[in-house]
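Colleague: I would like a close look at a single part of this protein. Please take one sheet together with the helices that go with it, and describe how the pieces fit together.

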Amino acid sequence: MSGTEDVAASATAATQPDDYGTLYVVGIGPGLPHDMTQRAKDVIQTADCIIASNLYQEFLRKDGTLPPQSAELDGETDDGEIADEEGAVLERPDGSQQTLIRSSMGKQVELAREAFERVRAGEDIAHVSGGDPNVYGKSDLLFTMADADDADDVPIEIVPGVTAALSGAANLGAPLSNDFCTISLSDKWRGWEEIEEKLRAAAISGFVVVLYNCWRDYERAVDVLREERADDVPAAIVNDSGRGEAGRNLDDETETITTLGELTDHDDKVGGMGSSIVVGTHETEVWQNDYQEFLVTPRGGRDVDDF
């Protein structure tokens, strides 16, 4: 594309109908409000319609980002039916009203289409995604649906959030301070051969590896990594990072530091979708102060003298 075309495209992209709203895909981080960005909180509090799962609704109510269930107006439902569900109408403390729609697996196509129509009708929509929308979240779904439904007229904005890799790494210390990658073990849209190829390439290339969706064949993934990486490299299992006692996995928010070779010995620490696994490199070390153990991966192997 030429420079002139770039300018023209930017001008077109910056213009939208005055009577349209915006579809915001909002990353809320681990879930609890204290780990959300202010931008995410502002969008949710001012949106005309919020689409969120029951779990995320519960999280968002903890500090009033979402009004309590008692704010639901009796006898009032939203005019539109979304994926066979009527939206509840909530009244905020300032008197404004919002529609709240429950998001659920298996109804994402219908929810996306309804969101497009609401934006065209002038509503701002907050489509809530856990973590960051771009890290195994909702952003690709909305863009894919917009393309399939010729919804290129619908303004879309992604509001970033803290993904599990970063939240978990913060609890562990500094395991991701050098090059790292994330790999999802979900084989819903791709075969295991592709997942194994990525695992092997990451291990050989020296990336710290963060595994998502560990409830799917994590032992198999560990076996592949062990073929290319020493058993004594530090590793960790993280559950419900950033959720404290509101976690849904095992014992709420936990971190278990071990080694790659002994990861599967801690099978009882790997729970549901809130579990992630961090596998270090030969440079990763376990460091301990007076209070706890940490994982540290120096950037490029540098030490104090390099500073």
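**A sheet and its two helices**

Modeller: Of the 307 residues in the protein chain, 46% are buried. The model is a predicted one. The chain holds eight helices and 15 strands. Among contacts in the chain with a separation of 6 or more, 69% join residues 24 or more positions apart.

The part to look at is an open sheet of five strands, in the order S9-S10-S13-S11-S12 and with mixed pairing. Its edge strands are S9 (180-184) and S12 (254-259), each of which pairs on one side only. On average, neighbouring strands of the sheet are turned by 20° against each other, direction ignored. In general, strands of a sheet pair through backbone hydrogen bonds, either parallel or antiparallel. For S11 (residues 234-239) and S12 the sense is antiparallel, over six bridges. Within that pair of strands, Pro-234 stands opposite Thr-259 of S12.

Now the helices. H7 lies across S9 and S10 (208-212), and runs at about 165° to S9. H7 (residues 192-205) also packs against H8 (residues 218-228), at an angle of about 35° and with the axes 9 Å apart. The crossing of H7 past H8 is right-handed. On the H7 side, the contact is made by Trp-192, Glu-196, Leu-199, Arg-200, Ala-203 and Ile-204. H8 brings Arg-220, Ala-221, Val-224, Leu-225, Glu-227 and Glu-228 to the contact. By class, the residues of this contact are seven nonpolar and five charged, with no polar ones.

Sheet and helices meet again in the largest nonpolar core, which has 24 residues. At least two residues of this core come from each of S9, H7, S10, H8, S11 and S13 (275-279). The residues with the most contacts inside the core are Ile-183, Leu-199, Leu-211, Leu-263, Ile-277 and Val-279. Leu-199 is thus listed in the core and also in the contact of H7 with H8.

Val-279 is worth following residue by residue. Leaving aside neighbours within four places in sequence, Val-279 is in contact with Phe-207, Val-208 and Val-209, among others. Its partners also include Leu-225, a residue that H8 brings to the contact with H7. Pro-234, which stands opposite Thr-259, is in contact with Val-279 too. The remaining partners of Val-279 are Arg-229, Val-233, Ala-235, Leu-260 and Leu-263.

Elsewhere, a second, separate core has 20 residues, including Ile-44, Ile-50, Leu-90 and Val-128.

Technical notes: Residues are numbered from 1 along each chain as its sequence is written. This is a predicted model: local features need pLDDT of at least 70, side-chain atom pairs count only at pLDDT 80 or more; totals for chains, interfaces and linings use all residues. Side-chain values use heavy atoms; hydrogens and water are left out. Axes are lines fitted to C-alpha atoms, for helices over the stretch in contact, and angles run from 0 to 180 degrees between N-to-C directions. Helices (H or I, at least four residues) and strands (E, at least two) are DSSP runs, numbered from the N terminus. A crossing is left-handed if the near helix is turned anticlockwise from the far one by less than a right angle, and right-handed if clockwise. Contact means heavy atoms within 4.5 Å. Ala, Val, Leu, Ile, Met, Phe, Trp, Tyr, Cys and Pro count as nonpolar, Asp, Glu, Lys and Arg as charged, and the others, Gly among them, as polar. Two strands pair if DSSP finds at least two bridges between them. A nonpolar core is a set of buried Ala, Val, Leu, Ile, Met, Phe, Trp, Tyr and Cys residues joined through side-chain atoms within 4.5 Å. Buried means under 20% relative accessible area, exposed over 50%, partly exposed in between (1.4 Å probe, protein chains only).
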